[in-house]
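I opened a new notebook page for this chain. The plan was to look up the core first, then a sheet, then the overall build.

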Amino acid sequence: MNEITITKPDDWHLHFRDQDMLLETVPATARCFGRAVVMPNLVPPVTTAELALEYKSRILAARPEGSDFEPVMTIYLTDKTSVEDIKAAKQAGVLAAKMYPAGATTNSDSGVSSLESLYPVFEALADHGMLLLIHGEVTQKHVDIFDREKEFIDQHMVNIVNKVPHLKVVFEHITTKDAADFVLGAREGVAATITPQHLMLNRNDMLDGGMRPHNYCLPVLKRSTHQEALRAVVKSGSPRFFLGTDSAPHTKDRKESDCGCAGCYSAWSALELYTQVFDELDALDKLEGFASHYGADFYGLPRNTEKVTLERKEWVVPSNIELKGGHNIVPFYAGKTVSWSLKK
């Protein structure tokens, strides 16, 4: 097969950042995705309906002329989030709330430090038909960074799913066989997103031969056995797993500094790279469900009606992307050849 046409896909997890960065990130996503779930971990975080609507207006202002791309907005849960905040978010059209354990990833310092106190909020989300999106890692420093996702499942995820049985939960950017198995065995209303980097890479790609900062993301890349487990579940065609790039831009100087910024900016190549993965797995017939159907169905939104076509045509991801102000980004898979292209 040298060409494949699918329903226009959506990205169910990404980071646009803000201000001038939107002039880069929004067009990159709008080129091939109909919608995207926008993470709220700005500085300061998007914690209320009002802040979510203000952020949405800035995103819409950055859309390319003629684009009908739509951001799906979320709010950021903190220890102070109230049931009233959830009600207001629902009334404003916000579809989901994102829970970061405090300190788990970029701009998560305002995240949740006491999950037990948030159960009334989880109940409110369920009552109002909103989704809970979870960055599923513990943050205890004594827990090995490669084990933090599994520990979160054991310590928290099982309880959240079981104690609030009518709540829809998305286990974001899963990285382990443990997470895949948990989602497969969970009750109805539990799903997961999977990124291109976790399907394509394992921790050797970050550490072998020296630290490769542009492959550093959180949750961190895991063993090849976990990578293969993720590839197996997308090949299976299970509707519990769908596309979420976790595209997360940082400027080159920040990625290559002592800060250790986590995130892979994949917006300009993600759909093509997913296609490459499904092709490698001899599962191109499963791509449309993963990219275009299952996420919309889980969120209770209509599937897109437009189509996009990808062709077997090689191209090279640029080594850097220039930004306004003289900075640049090293994109995910920079300088490497991709075997599929979005047909214009």
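Entry one, the core. The model is a predicted one. I looked up the largest nonpolar core and found 94 residues in it, with L77 and F122 touching the most other members. Apart from that core lies another, of 16 residues. I noted W12, L131, L133 and Y299 among the members of this second core.

Entry two, a sheet. I followed six strands that form an open sheet with parallel pairing. I wrote their order down as β5-β6-β7-β8-β9-β10. At the edges I found β5 (74–76) and β10 (241–243), each of which pairs on one side only. From one strand to the next, the twist averages 30 degrees.

I then took a single pair from the sheet. β5 and β6 (residues 96–99) are joined in the parallel sense over three bridges. Which residue in β6 is the bridge partner of Y76? I found K98.

Next I checked a helix against the sheet. Helix α6 (residues 177–185) lies across β8 (168–171), β9 (190–194) and β10. Its direction is at about 145 degrees to β9.

Entry three, the whole chain. I counted 12 helices and 14 strands in the protein chain. The radius of gyration is 19 Å, close to the 20 Å that the globule rule gives for 344 residues, so the chain is as compact as a globular protein of that length. The C-alpha atoms fill a box of roughly 50 × 45 × 40 Å along the principal axes.

Last, I looked up burial and surface. Of the 344 residues, 58% count as buried. The accessible surface comes to about 13,900 Å², and 48% of it belongs to carbon and sulfur atoms.

Technical notes: Residues are numbered from 1 along each chain as its sequence is written. This is a predicted model: local features need pLDDT of at least 70, side-chain atom pairs count only at pLDDT 80 or more; totals for chains, interfaces and linings use all residues. Side-chain values use heavy atoms; hydrogens and water are left out. A nonpolar core is a set of buried Ala, Val, Leu, Ile, Met, Phe, Trp, Tyr and Cys residues joined through side-chain atoms within 4.5 Å. Buried means under 20% relative accessible area, exposed over 50%, partly exposed in between (1.4 Å probe, protein chains only). Two strands pair if DSSP finds at least two bridges between them. Helices (H or I, at least four residues) and strands (E, at least two) are DSSP runs, numbered from the N terminus. Axes are lines fitted to C-alpha atoms, for helices over the stretch in contact, and angles run from 0 to 180 degrees between N-to-C directions. Contact means heavy atoms within 4.5 Å. The radius of gyration is taken over C-alpha atoms; the globule rule is 2.2 Å times the number of residues to the power 0.38. Accessible areas come from the Shrake-Rupley method with a 1.4 Å probe; for residues, only the protein chains shown count as cover.
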